[in-house]
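This report examines the surroundings of a ligand and the strands that contribute to them. The sequence and structure are shown first.

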Amino acid sequence: MEKPLSPDDLPIVNGRIYHLDLAPEELARDVILVGDPDRVPLLADELLAEREADRFHRGFRTITGVARETEMRVSIVTSGIGAPSTEIVLNELAALNEIDFSTLTRKESFEPLNIVRVGTSGGLNPATPLGALVLTDYVIGLDNTGLFYDVPLPDAACAYLEEQARTVLDRAAQPGARFGGTLAPYAARADRDLLTALEQEAAELGITHVRGITISSPGFFAEQGRGVARIGSTVPGLLDALERLESGRLNLYVENLEMEAGVVLHFLGGLGYRAAAVCAVINKRNEKAFMADYRRQVCAGARIALRAFRRLRPEAGPQLMAGRGTWRES
Ligand SMILES: O=P(O)(O)O[C@H]1O[C@H](CO)[C@@H](O)[C@H]1O
Ligand SMILES: O=c1cc[nH]c(=O)[nH]1
């Protein structure tokens, strides 16, 4: 018999997972993951008919309820900013889904979660307008969080992108830079069915969108080509280098730059969950433009995610409240 997990392996406090402060029954099978905790109530107000759970701990807000339009249960969860914070959240979501909290052992069977990151990003393709939604087809992670998870390469395109990214970053490194040549990009891809469903829903709703390659950086400033006083950059021409990246047979543009999609698609793909990312372009560096109010765009991203979940699981049907605090999940 499997040994139960100990609290230092998986901290659970009063039946709730430590950072998210959630109990297993408070998590829906379909999840929208957002960077900003304030985006959780924004999307809940806009999209949910009823709320079941509303938790907030260590900056992570989660609201679970039933979506007005699809009548399906959904959890809207905060990832926080960047791969390290996101990695904690993803592990806790997987634990909520896969661990029996009463015995602290792994369940013999469970349904995979469906998770869509709905975020904001900087646009890299001059042809893609401000406010458009980028549906990530492939992602290149520049963080090293993903490197701690030895996920097999999803396909040959990922191998090609990793090689390309390594080459352009090495070439663009500042000569003599202490860390030049040490960046180790990893590639991952969105779940094919989820991506197709998102694209269909965006097209059906007439939402401006594009499918492309996303770059996930481990930070916002030097890691995204922004200058910093007094400290040099390891890769000063980062944006130009990324724009030169060739996608080979994929024939996709490098569309956007953000901070979480890499670890989301890499880690969840490795678990066999369905994962995708939809990020609004809120700035364009070539136009010196920045969109401070992007509420309409993230609501549109979340709406196509909800409709995509319904497209993937039409058999789920309306998930109405069966009694206070108890839900029928299919
Ligand atoms: O709007 P969110 O989802 O937070 O996403 C983007 O915004 C943050 C940076 O401002 C990073 O988290 C980046 O990935
Ligand atoms: O430029 C941007 C805009 C949003 N999010 C990012 O990570 N970068």
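## Basis of the strand pairing

Two strands are taken to pair if DSSP finds at least two bridges between them. By this criterion strand S10 (residues 133-141) pairs with S14, since three bridges join the two strands, which run antiparallel. One of these positions sets Leu135 against Val278 in S14. The model is predicted, and the pairings below refer to that model.

## Annotated domain

A UniProt record, an unreviewed entry, places the feature "domain: Nucleoside phosphorylase" at residues 31-309. In the model, the end C-alpha atoms of residues 31-309 lie 9 Å apart. The composition of this span is 31% helix and 29% strand.

## The shell around ligand 2

Ligand 2 is surrounded by Thr120, Ser121, Gly122, Phe220, Gln224, Leu257, Glu258, Met259, Ile282 and Asn283. Two or more residues of this shell come from each of strand S9 (114-123), strand S13 (254-258) and strand S14 (274-284). The largest contribution is that of S9, with three residues.

How many residues of the shell around ligand 2 are nonpolar, polar and charged? Four are nonpolar, five are polar and one is charged.

## Strand S9 and its partners

Ten of the ten residues of S9 are buried, so this strand is largely enclosed by the rest of the structure. S9 pairs with S14 in the parallel sense over ten bridges, and with S13 in the antiparallel sense over two bridges. Gly122, one of the residues around ligand 2, stands opposite Asn283 in S14 and opposite Leu257 in S13. Asn283 and Leu257 are likewise among the residues around the ligand.

Strand S3 (residues 30-34) is also joined to S9, by four bridges in a parallel arrangement. Here Leu33 has Arg117 of S9 as its bridge partner.

## Strand S14 and the hairpin

S14 is mostly covered, with nine of its eleven residues buried. Within its pairing to S9, Cys279 of S14 is the bridge partner of Gly119.

S14 is further joined to strand S15 (residues 289-290) by two bridges, and these strands run antiparallel. Lys284 has Ala289 in S15 as its bridge partner. Together S14 and S15 form a hairpin with four residues between them. In the turn, Lys288 has a positive phi of about 55°.

Methods
Residues numbered from 1 in each chain as written. Chains lettered and ligands numbered in written order. Predicted model: local features only at pLDDT ≥ 70, side-chain atom pairs only at ≥ 80, totals over all residues. Near = placed C-beta within 6 Å. Nonpolar A, V, L, I, M, F, W, Y, C, P; charged D, E, K, R; others polar. Buried ≥ 20, exposed ≤ 12 C-beta atoms within 10 Å, placed from the backbone. UniProt positions renumbered as here; feature names shortened; annotations may be inferred.
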